[in-house]
Amino acid sequence: MTPKEILALCKEKDVKAVDLRFMDFPGLWQHTTIPCSVLEEDTFEEGLGFDGSSIRGWQAINESDMLLMPQADTAFMDPFTKLPTLNIICNIVDPITHEDYSRDPRNVARKAVSYLQSTGLADTAYFGPEAEFFIFDDVRFDQRPDAGFFYVDSIEAEWNRGRDEGPNLGYKIRHKEGYFPCPPMDQLMDIRNEMMQTLIDCGLQVECQHHEVGTAGQSEIDLKYNEMVKMADQLMMYKYIIKNVAYKHNKTATFMPKPVFSDNGSGMHVHFSLWKEGQPLFAGDGYAGLSQMALYAIGGILKHAPALLAFTNPTTNSYKRLVPGYEAPVNLAYSQRNRSASCRIPMYSNSPKAKRIEFRCPDPSCNPYFAFSALMMAALDGIENKIDPGEPLDKDIYDLPPEEAANVPKTPGSLDEALDALEADHGFLLRGDVFTQDVINTWISYKRENEVDAMRLRPHPYEFCLYYDI
């Protein structure tokens, strides 16, 4: 849509408020709302001011003024507000230089697309994330100097089989048996259907919805792949809609990677392919029907994976999911069909248009603009430098003999290790000024100060179970 079409839509839908959305540095949507009467065609060119020093990881107090630049083609009607409200995603601009703000995650993704096109290798990067999440009926947590705890609950959780629910009707999902059971065992069918329909009503293309493996309400709704920046926009819309539909039903949805001990965590397998002039570039006559370009792309992804994970798995909780010997893909290898490899080549279709790489490490706690950009830049580095991915590993990696398994590289074991890897290996991200050195340094320092050190310095509740009687 154009600005003129947006104003016409506002009249047609009797819009009263316009909500301006943008992404903060770690990866949460922020917003400010204006009366519809304030929105004019000039607003899309001149922007609206706000305080950039109050946004995490952004401006210093002495240079706080920033501009929100609404992007007309991102508009959608908010399905939750009582007052008719139009939501518009914004870019961030410096009010003095009028340059795009280097720490704006959406700007990083836009620069990544421009860099891709400048290489001449491809003109479009398609992404299809599969974001998993939990729907809980109750969540309580606190962290004080004298106490720390968390508590989550779900009507369908295995641990509630013996609870007096007046009456308890059974149908509790056993650990690791939540994949595809029918109602009444799957008690979230209606809510996921509402989530799915709301996504569709907001203009997103949904491929399927289903219960996921974990007990206690683990779910997944898959969106059709899209161009990189649009897909990152849509993933933020997706998370907003999932959370608010759950909230509407007095439930709570979380994209935290590992909220439940001893069961599956929530990943976000990312399907990725490159195209040029409408033609897919990853299909060929090589292994698993891949082109040589796709194999080199895998080589780049595997080489840079430890650094990539600082963006694709950016929380301390991410590494409670990425644990050797469990369901998560911690082995840096590639294979067709094999879900225990970090890079999988799906084999559902022989169509060249369906040929893609699935990177299975990421989780939905990531900032998608950063995560998708970093993944694409690693793949491009592999293509440009012809990085050989080595031989595929078409075995159950978890059943490999110890001596053979020892030769398979592993993902970092903690966020701190991933940040160390990013600090040592980020040259590929700086090409085309996609990620600036300032963005890399700020990301590393923010994560270490606010998350790694914050966790490292606090006693853990389980430490009392282990050590109180020492």
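Let me start in the loop between strand E9, residues 147–153, and helix H4, residues 189–201, because that is the place of Pro-167. Please keep in mind throughout that what we are looking at is a predicted model. The peptide bond that leads from Gly-166 into Pro-167 is cis, with omega near 0°. Further along, Pro-184 is also found in the loop between E9 and H4, and a cis peptide bond joins Pro-183 and Pro-184, where omega is about 10°.

Staying with this part of the chain, I would like to turn to charged side chains. Side chains of opposite charge can pair when their charged atoms come close. Glu-165 and Arg-163 give us such a salt bridge, at 2.9 Å from N to O. Glu-165 counts as partly exposed, at 24% relative accessibility, and Arg-163 is likewise partly exposed, with a relative accessible area of 33%. These two residues belong to a network of salt bridges that links Asp-153, Arg-163, Glu-165 and Lys-172.

How many salt bridges are there by this rule? The count comes to 29, and I will pick out two further examples. Arg-140 forms a salt bridge with Asp-138, and the closest N and O atoms of the pair are 3.5 Å apart. Arg-140 is partly exposed, with a relative accessible area of 42%, while Asp-138, which is also partly exposed, has a value of 30%. The second example joins the side chains of Lys-395 and Glu-404, which meet at 2.7 Å, N to O. Here Lys-395 is partly exposed at 40% relative accessible area, and Glu-404 counts as partly exposed at 28%.

Now to a charged residue without such a partner. Glu-227 lies in strand E12, which covers residues 226–227, and although Glu-227 is buried, it has no salt bridge. Which side chain of opposite charge is nearest to Glu-227, and how far away is it? That side chain is Lys-230, at 5.3 Å, and because a salt bridge requires the nitrogen and the carboxyl oxygen to be within 4 Å, this pair does not qualify. The side chain of Glu-227 does, however, reach the backbone nitrogen of Val-229 at 3.1 Å. If we set aside residues up to four places away in sequence, Glu-227 touches Val-113, Thr-124, Ala-125 and Tyr-126.

Another charged residue to look at is Lys-447, which is found in helix H12. Is Lys-447 buried or exposed? At 3% relative accessibility, Lys-447 counts as buried, because buried means under 20% relative accessible area. Leaving out its neighbours within four places in sequence, Lys-447 is in contact with Pro-314, Leu-415, Leu-419 and Val-452.

Let me go back along the chain to Pro-257, whose place is in the loop between strand E13, residues 252–254, and E14. Pro-257 is buried, with a relative accessible area of 2%. Apart from its neighbours within four places in sequence, the residues in contact with Pro-257 include Gly-265, Ser-266, Thr-315, Asn-317 and Arg-321, and Asp-363 and Ser-365 are also among its contacts. As for distance, Pro-257 and Asp-123 are 134 residues apart in sequence and, from C-alpha to C-alpha, 32 Å apart in space.

Two residues deserve a word for their backbone angles. Glu-277 is not a glycine, and yet it has a positive phi of about 50°. Glu-277 lies in the loop between strand E14, residues 268–276, and strand E15, residues 279–280, and at 69% relative accessibility it counts as exposed. Asp-433, again a residue other than glycine, has a positive phi near 60°. Asp-433 is found in the loop between helix H11, residues 427–430, and helix H12, residues 437–456, and Asp-433 is partly exposed, with a relative accessible area of 45%.

I will end on the surface. Which residues make the nonpolar surface patch of about 490 Å²? They are Tyr-462, Leu-466, Tyr-467 and Ile-470. One of them, Leu-466, is found in helix H13, which covers residues 461–467, and Leu-466 is partly exposed, with a relative accessible area of 42%.

How values were computed
Residues are numbered from 1 along each chain as its sequence is written. This is a predicted model: local features need pLDDT of at least 70, side-chain atom pairs count only at pLDDT 80 or more; totals for chains, interfaces and linings use all residues. Side-chain values use heavy atoms; hydrogens and water are left out. Helices (H or I, at least four residues) and strands (E, at least two) are DSSP runs, numbered from the N terminus. Buried means under 20% relative accessible area, exposed over 50%, partly exposed in between (1.4 Å probe, protein chains only). Patches are made of residues with over 30% relative accessible area and no salt bridge: like charges are joined within 9 Å, nonpolar side chains (Val, Leu, Ile, Met, Phe, Trp, Tyr) within 5 Å. Accessible areas come from the Shrake-Rupley method with a 1.4 Å probe; for residues, only the protein chains shown count as cover. Lys and Arg count as positive and Asp and Glu as negative; His and the chain ends are not counted. A polar contact is a pair of N or O atoms within 3.5 Å; within protein, one must be able to donate a hydrogen and the other to accept it, and residues adjacent in sequence count only if both atoms are side-chain atoms. Contact means heavy atoms within 4.5 Å.
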